[in-house]
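Here's a quick briefing to read with the structure open next to you. We'll go from the way the domains meet to the ligand site, then to the overall build and one set of strands.

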Amino acid sequence: MRKNKLRRLVLVLGDQLDDQSSAFDDFNPETDAVWMAEVSGESTRVWSSKPRIAMFLAAMRHFREHLHRRGYTVHYRQLDDPANRGSLVAELQHAIVEHQPNEIVCVEPGEWSVREELQRAAGKMKREIEFREDRHFLCSRAEFAAHVKGRKQLRMEFFYREMRRKTGVLMNGTEPEGGAWNFDADNRESFGKSGPGDVTSPASFPPDDITREVLALVQTHFPKHPGQLTHFDWPLTPAQAREAFHDFIEHRLPNFGRYQDAMWSADGELMARPYLYHSRLSAAMNLKLLDPREVIAAAEQAYRSGRVPLASAEGFIRQILGWREYVRGIYWHFMPGYLERNALNATEPLPRFYWTGHTDLQCLRESIRQTLDYGYAHHIQRLMVTGLFALLVGVNPRLVHEWYLAVYVDAIEWVELPNTLGMSQHGDGGLMASKPYVASGKYIQRMSNYCTGCRYDPAKATGERACPFTTLYWDFLLRHETFLSKNQRMSMQLRNLARLSPAQRKEIQKHATDWRTRLSAVS
Ligand SMILES: Cc1cc2nc3c(=O)[nH]c(=O)nc-3n(C[C@H](O)[C@H](O)[C@H](O)COP(=O)(O)OP(=O)(O)OC[C@H]3O[C@@H](n4cnc5c(N)ncnc54)[C@H](O)[C@@H]3O)c2cc1C
Ligand code: SF4
């Protein structure tokens with residue numbers, strides 16, 4: 001084996017595609033090299049969907065080309081290389097033996113276990129990895145720890161205000177622009193009966209030669225994995241990500257705030273525009289193709305120049321400066337124990353239709369099929385359709401987490417886990433969200449047109465046409481009444497529960513048990 005002694009090996013993982021990251025500080029192309037590896041283990045650890053696998057591999061290969069153009073040496077292991085060892089650990093150990101670097105550096109990975117694995121792999125070779133701060137984020141892990149210190153309760157809203165003050169974003173001196181910190185109350189409109197109107201479709205990036213090769217590779221290597229690749233048109237380079245972003249600012253940001261929570265299906269037409277007024281920028285940001293500072297600054301500028309209402313600009317900025325930074329802080333502060341939390345003792349299996357979309361519950365069928373076809377669903381579909389159903393059924397949050405990590409092109413554990421286990425499943429007992437996000441089918445009816453094409457009736461909790469969301473919602477309140485009664489914010493829902501007669505309660509519980517039995521029979 002040839003031994004090339006090099007000064008520094010820079011490890012670049014699939015979600016670290018930024019040549020300005022701290023790993024490239026003092027990079028010397030004469031003496032240093034980059035290491036990247038495509039390994040099947042990362043796609044099978046959770047049963048990753050085809051769009052998700054393709055997203056990572058295609059973006060990695062575009063980044064490799066970019067580094068080559070800069071004249072960097074890249075030691076890149078392709079998935080279809082017969083010598084591929086299948087895991088990051090094995091590939092890294094091999095690279096250490098082969099290249100004998102003096103130093104190994106890497107930006108902090110986005111997943112706890114990946115960091116542990118890399119460290120262990122290097123340790124076995126009597127080497128150390130220098131993990132460097134991820135400068136992509138606006139709040140460092142140390143700053144988040146300082147935010148947590150001394151607080152009895154964490155709330156995104158207070159963190160967000162701190163971030164606004166710290167960055168000066170949407171501030172008027174020391175006061176928030178427009179006199180309020182958030183305009184959430186203006187951001188809950190549905191589309192009404194007429195639907196979303198003429199939403200301009202987002203900028204599309206049809207596969208180039210590199211991506212076509214990856215799509216074929218994914219079909220060949222992962223034929224049994226869920227999802228399909230027909231619609232794959234994600235931005236895969238910084239230039240494409242920027243184009244997608246400016247297209248969003250121009251065409252959809254003005255209405256983003258109003259329709260942030262709205263869902264819509266228009267017979268098949270939905271499939272042409274699942275993004276509605278959303279930005280579909282999460283994957284580009286999470287893979288570090290796009291700097292959140294640039295995104296936030298442009299959204300603020302669009303407001304200040306009068307092109308976008310404040311409620312839209314603030315609503316959008318809050319997602320990035322607030323939620324995105326907050327969930328990352330939660331993840332790193334509370335891992336590894338966070339993954340094990342299950343405050344509601346939920347133990348049911350995940351219904352099998354989550355992997356296929358084969359169900360007669362219209363809202364779930366549409367949200368899951370769209371997820372599998374595009375690797376995308378917007379926040380309310382994730383939280384108030386697929387997430388809500390799993391919560392009401394009582395699915396083990398670990399299984400729910402594995403599904404969310406597998407199916408979305410933007411899924412990386414630091415952002416996925418707190419959203420799933422915390423916000424959506426209340427598995428952390430209220431660390432992330434002040435109350436469980438629970439609602440009956442009537443919420444879905446109000447925010448979408450799914451129910452018009454469904455055989456169930458969201459107003460009914462029992463009987464043949466009872467909507468399972470509605471049945472399971474009341475059953476959830478009944479099952480967790482004692483736990484929920486400690487939460488002030490649940491008092492209205494519990495007051496409504498108190499109006500149910502003993503006979504109604506019994507009937508609901510029987511119906512809910514029947515549903516659980518049917519669901520676990522197909523899991
Ligand atoms: C159960 C569940 C799982 C989720 N898993 C992921 C995930 O794996 N990866 C991921 O990036 N987001 C996740 N989210 C958050 C959110 O749903 C997605 O960021 C969003 O739907 C991506 O679509 P978009 O880019 O069109 O977002 P937009 O609606 O246009 O929002 C703009 C940006 O704000 C950020 N953002 C919005 N909400 C959140 C949030 N709650 N947490 C963090 N960032 C947010 C994203 O970067 C997003 O691109 C999850 C939410 C839930 C409820
Ligand atoms: S009736 Fe119930 S199951 Fe059917 S679409 Fe509406 S909320 Fe979903």
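**Where the domains meet**

In this predicted model, five residues of domain 2 are in contact with seven residues of domain 1. On the domain 1 side of that meeting point, you'll find three nonpolar, two polar and two charged residues. The bullets below fill in the rest, topic by topic.

**Domains**

- The domain assignment splits the protein chain into domain 1 (8–132), domain 2 (141–202 + 252–334) and domain 3 (352–521).
- Note that domain 2 is written as two stretches, 141–202 and 252–334.
- Going by C-alpha atoms, the centres of domain 1 and domain 2 sit 31 Å apart.

**The ligand site**

- Ligand 1 has 28 residues around it, and the closest are His278, Ser279, Ser282, Gln319 and Glu416.
- Two domains chip in here: domain 2 (141–202 + 252–334) and domain 3 (352–521) each give at least three residues to the shell around ligand 1.
- Four helices each supply at least two residues of that shell: helix H10 (282–286), helix H12 (310–334), helix H14 (379–393) and helix H16 (413–424).
- As for chemistry, the shell around ligand 1 is a mix of twelve nonpolar, eleven polar and five charged residues.

**Overall build**

- The protein chain contains 21 helices and seven strands.
- Its C-alpha atoms fill a box of roughly 80 × 55 × 50 Å along the principal axes.
- The radius of gyration of the protein chain is 24 Å, which agrees with the value near 24 Å that a compact globule of 523 residues would have.
- Of the 523 residues in the protein chain, 46% are buried.
- Take the contacts in the protein chain with a separation of 6 or more: 77% of them link residues 24 or more positions apart.

**Strand E4 and its partners**

- Strand E4 (residues 103–107) is mostly covered, with four of its five residues buried.
- Strand E1 (residues 8–11) runs parallel to E4, and four bridges join the pair.
- Within that pairing, Val10 has Val105 in E4 as its bridge partner.
- E4 also runs parallel to strand E5 (residues 129–132), again with four bridges between them.
- Here Ile104 is matched with Ile129 in E5 as its bridge partner.

Notes
Residues numbered from 1 in each chain as written. Chains lettered and ligands numbered in written order. Predicted model: local features only at pLDDT ≥ 70, side-chain atom pairs only at ≥ 80, totals over all residues. Domains from an automatic or database assignment. Contact = placed C-beta atoms within 7 Å. Nonpolar A, V, L, I, M, F, W, Y, C, P; charged D, E, K, R; others polar. Near = placed C-beta within 6 Å. Rg over C-alpha atoms; globule rule 2.2 N^0.38 Å. Buried ≥ 20, exposed ≤ 12 C-beta atoms within 10 Å, placed from the backbone. Pairing = 2+ DSSP bridges.
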